[in-house]
Amino acid sequence: MMPASEHVPASAAPARAADCLQVRDLTAGYGGPPVVRGISLGLGQGQVAVIAGPNGAGKSTLVKSIVGHLRCASGSVTAGGRDITNHPPEKIARGGVGYVPQNEDAFGTMTVLENLEIGGYLLKKRAVGPRIAEVMEVFPALGRMRKRHVSRLSGGERKMVAIGRVLMLRPRLLILDEPTAGLAVALTTELFERYIPALSATGVGVLLVEQKATEALRVADWGYILVSGQVHVSEPASTILSRPDIGEVFLGGSSSVLAGED
Amino acid sequence: MNLVLPSLGFGIITASTLLPAAVGFTLQFSATGVLNIAFGAQMTFAAFIAYVCTQAGLSIWLAMAAAAVCGALASALLNRFLLTPFARRGTTFFGMVVVTIALALLVEYAVELIWGPLPVSYPLTAPGLVHVGPMSFTHSQLVVLAIGVVFAIGTHALLRYTRAGKAIRAVADNRDLARSSGISAQRITDLAWLVSGLMGGAAGVMLGISLSSVSYTMGDTFLLEIVAAAVLGGVGQVYGAMLGALVIGVLLQESAIVLGGAYAPISAFAVLILVLLIRPTGILAGAAKAKGVS
């Protein structure tokens, strides 16, 4: 069971360089009682942070309010030093924040190539083609299926399109909401061991939402565990991994332990 | 029965008028999720704008262009300043339908108030006939046909090959994801309504030419056929609306010949009901989704 001392109050957010993303005391929801309350987190350039936690903890709600799909009732969000709190999603995208939602992460009625073109909507017309070539170099499979319709792709292929689309604008911050849900094991491993480290090596900050986060934490610098809409644990990823008490409750598995507590 | 082929000509002309109307109607739906019952009334309004232009001495085709532009602006303004505010308040789908019904009545009676209850007609010159096999067309019917074809090709080119057209499809597919890709959904929605208003305006004038008269209830009656074409093709499916327009247009004219004029609408709608029994989402829904032509 989780000792009460694990709860980190918002004011005790880590004093790290959070030049990529800084969330302060964010409260948001869907009109009713807030789903997430007083969330604070930070992410430096080239860092990877994982947001873990049981189903219904508010992980998706949190990222949706960061990227402008949900209104923040209070608190602030800054990305790359600029305030983006409650900005419209298109403006946030223009500011270098890439977002891959958990579901409906690509345009199903369009081809792979068209998805990448839409991803590069903000680029100059001349720059779109070369950038698509670059993204296809990263994901060669995209080149092979460029004419195919996304609705006909497998879950893994579709996720590749979704990530390819978001890379078109060369985001400084990449937010991936449960990218491995429904993904084959080999692809999950490839994502965590190859693509995400490659991205962070180029200075991109990656915020990764994962329900079963052990694997994700292995490539991460910092981990946050959300429970019932609040940050329950905020520790270096290695610390979280080395503590079996946290791991048992949140990362490997049964959220039933928590459900019983709630 | 030897009238079946000649009436195919009428069917094609009806379809040419129906096509831009049904595509415009379905485009509005796919871009904003609004089933715009006022679409017919907007067509009537545009048809009368063209009438005013012809009275002022413009040729019918220039008048049509002017009416299409007016229709486009009216449509975009309507969406921006009436429907969008309602949508922001969270008005339900049926609430929006009621809003557009009210608007349809308002526009219709405004047209009656301004131009009176009696039908008017465009001054059409060149009554000479062109024969194509067993079918014969007037010159203006041939132009209507050509305009219908141009709208079909133009819509295809816009949605398939231009950046703005692809953005319209992206917003129709997934508005939130489109916005997170940097697309200003509001601007793209405005564009979609502008384009659909342009088609509706042109269709109104084309209808006035085909019927050789323009009355304030004209669009109202035509709306049923527009809805039939759009639903037949799968609402929100642009290519479906094109196919639906062709099928409904030809059916209406053929059944008028085979069964007599009074039965035309009935048989056309009987076919619509039959098709929907077999394919509740419209002819093209499945194929269209996979082809990405919504």
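Two strands pair if DSSP finds at least two bridges between them. Keep that in mind for the sheets on this tour, which runs through a predicted model.

**Stop 1: strand E8 of chain A**

Select Ala49(A) and Leu207(A). Leu207(A), in E8(A), is the bridge partner of Ala49(A). Now widen the selection to strand E3 (residues 48-52) and strand E8 (residues 205-209) of chain A, which are joined in the parallel sense by 4 bridges. Another place to look is Ile51(A), which has Val209(A) of E8(A) opposite.

Next, add strand E7 of chain A, residues 173-177. E7(A) and E8(A) also pair in the parallel sense, over 5 bridges. Here Val209(A) in E8(A) appears again, this time opposite Asp177(A).

Is E8(A) mostly covered or mostly uncovered? Mostly covered, with 5 of its 5 residues buried. In a regular strand, side chains alternate between the two faces of the sheet. Colour Gly205(A), Leu207(A) and Val209(A) one way and Val206(A) and Leu208(A) another: the two groups point to opposite sides of E8(A), and all of these residues are buried.

**Stop 2: the whole sheet around E8**

Show the strands of chain A in the order E6-E7-E8-E3-E9-E10; they make an open sheet of 6 strands with mixed pairing. At its edges are strand E6 (97-100) and strand E10 (230-236) of chain A, and each has a single partner strand, so one side of each has no neighbour in the sheet. From one strand to the next, the twist averages 15°.

Two helices to add here are H6 and H7 of chain A. H6(A) packs on the sheet and touches E6 and E7 of chain A, with its direction at about 165° to that of E6(A). Helix H7 (residues 185-201) of chain A also packs on the sheet, touching E3, E7 and E8 of chain A, and its direction makes about 140° with that of E8(A).

**Stop 3: two residues of helix H6 in chain A**

Select helix H6 of chain A, residues 155-167, and pick out Lys159(A) within the helix. Is Lys159(A) buried or exposed? Lys159(A) counts as buried because its relative accessibility is 5%, and buried means under 20%. Leaving out residues up to four places away in sequence, Lys159(A) touches Val100(A), Pro101(A), Gln102(A), Asp105(A), Glu178(A), Pro179(A) and Leu183(A).

Then move to Leu167(A), also placed in helix H6 of chain A. Its relative accessibility is 10%, so Leu167(A) counts as buried. Apart from neighbours within four places in sequence, Leu167(A) is in contact with Arg131(A), Val135(A), Phe139(A), Leu174(A) and Leu199(A). Draw a distance from the C-alpha atom of Leu167(A) to that of Leu116(A): the separation is 8.8 Å, for residues 51 apart along the chain.

**Stop 4: helix H3 of chain A and its surroundings**

Leu116(A) is one of the buried residues of H3(A), so select that helix next, residues 112-119 of chain A. H3(A) is largely enclosed by the rest of the structure, because 7 of its 8 residues are buried. The buried residues are Val112(A), Leu113(A), Glu114(A), Asn115(A), Leu116(A), Ile118(A) and Gly119(A). What do they pack against? In chain A, against helix H4 (125-138), helix H5 (140-144) and H6; in chain B, against helix H5 (139-161) and H6.

Turn on helix H6 of chain B, residues 163-173, whose axis comes within 10 Å of the axis of H3(A) and crosses that axis at roughly 100°. The angle makes H3(A) roughly perpendicular to H6(B). To see the contact, show Glu114(A), Glu117(A) and Ile118(A) of H3(A), which meet Lys166(B), Ala167(B), Arg169(B) and Ala170(B) of H6(B). These residues divide into 3 nonpolar, no polar and 4 charged.

**Stop 5: the second sheet**

Return to chain A and select the strands in the order E2-E1-E4-E5, an open sheet of 4 strands with antiparallel pairing. Strand E2 (36-43) and strand E5 (82-83) of chain A are the edge strands, pairing on one side only. Strand E4 (residues 72-79) of chain A runs antiparallel to E5(A), and 2 bridges join them. At one bridge, Ala79(A) has Arg82(A) in E5(A) as its partner. Helix H1 (residues 59-66) of chain A lies across strand E1 (21-28), E2 and E4 of chain A, at about 115° to E1(A).

**Last view: chain A as a whole**

Zoom out to chain A, with its 11 helices and 10 strands. Of its 262 residues, 54% count as buried.

Conventions: Residues numbered from 1 in each chain as written. Chains lettered and ligands numbered in written order. Predicted model: local features only at pLDDT ≥ 70, side-chain atom pairs only at ≥ 80, totals over all residues. Heavy atoms only, no water. Contact = heavy atoms within 4.5 Å. Axes fitted to C-alpha atoms, helices over the stretch in contact; angles between N-to-C directions. Parallel < 35°, antiparallel > 145°, perpendicular 65-115°, else oblique. Nonpolar A, V, L, I, M, F, W, Y, C, P; charged D, E, K, R; others polar. Buried < 20%, exposed > 50% of the residue type's maximum accessible area, 1.4 Å probe, protein only.
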